[in-house]
Amino acid sequence: MSKKLVVYFSASGVTRAAAEKLSEAAEADLYEIRPAVPYTAADLDWTNGKSRSSVEMQDKACRVPMADADVKVAAYDVIFLGFPIWWYTAPSIIRTFLEAGDFAGKTIVLFATSGGSGFGNTAKDLQGSAHGADIREGKLLNGRPSAASLKKWLDALGV
């Protein structure tokens, strides 16, 4: 049986709730990616092109510093990586996380929450940040997925 870790970034708490449920269903450890400087409501205003999140997402080279960059991923085979979809992809801090660790040989299964868009090219976008990892597009976990539906998804993944 593989050792599993659920890692997530949640700006408003929605992705946190999904990650906690997934962690329970997968019998996986849980780790939160936190920015060194927390986001405010104004920072998250996607309708404002000058808000912090808008500026970060417009700059493909942006790497948002994490509060804790010492994530121990070596002990895990499968990492479920969750985040809200921002501008049809993962927030910049997800690249920061992936580039801070050694994910060679790891399976990374993405999950996300979204107000209306899907994964887009997220798996492809992140591949260059996690060299040697098998990054798989997973599932949008909007609403309140049941433990049974999560178990069914996990069984279908075969991880």
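What share of the 159 residues in the chain is buried? Buried residues make up 47% of them. The model is a predicted one.

**Whole chain.** Start with the full chain in cartoon view. It holds 5 helices and 5 strands, and from the N terminus the elements follow the order β-α-β-α-β-α-β-α-β-α. The radius of gyration is 15 Å, close to the 15 Å that the globule rule gives for 159 residues, so the chain is as compact as a globular protein of that length. Switch to the C-alpha trace: along its principal axes it spans about 45 × 30 × 25 Å. Of the contacts with a separation of 6 or more, 75% are between residues 24 or more positions apart.

**Surface and charges.** Next, show the surface. The accessible area of the chain comes to about 8000 Å², and carbon and sulfur atoms account for 51% of it. Then select the charged residues: there are 18 positive and 18 negative charges, and their mean positions lie 3 Å apart.

**Serine 114.** Now select strand S4 (107–113) and helix H4 (122–127); serine 114 sits in the loop between them. Is serine 114 buried or exposed? Its relative accessible area is 14%, which is under the 20% cut-off, so serine 114 counts as buried.

Show the side chain of serine 114 and add serine 117. The side chain of serine 114 reaches the backbone oxygen of serine 117 at 2.6 Å. Last, display Ile85, Leu140 and Asn142: serine 114 touches these three residues, leaving aside residues up to four places away in sequence.

Terms used: Residues are numbered from 1 along each chain as its sequence is written. This is a predicted model: local features need pLDDT of at least 70, side-chain atom pairs count only at pLDDT 80 or more; totals for chains, interfaces and linings use all residues. Side-chain values use heavy atoms; hydrogens and water are left out. Helices (H or I, at least four residues) and strands (E, at least two) are DSSP runs, numbered from the N terminus. Buried means under 20% relative accessible area, exposed over 50%, partly exposed in between (1.4 Å probe, protein chains only). A polar contact is a pair of N or O atoms within 3.5 Å; within protein, one must be able to donate a hydrogen and the other to accept it, and residues adjacent in sequence count only if both atoms are side-chain atoms. Contact means heavy atoms within 4.5 Å. The radius of gyration is taken over C-alpha atoms; the globule rule is 2.2 Å times the number of residues to the power 0.38. Accessible areas come from the Shrake-Rupley method with a 1.4 Å probe; for residues, only the protein chains shown count as cover. Lys and Arg count as positive and Asp and Glu as negative; His and the chain ends are not counted. The place of a charge is taken as NZ of Lys, CZ of Arg, CG of Asp or CD of Glu.
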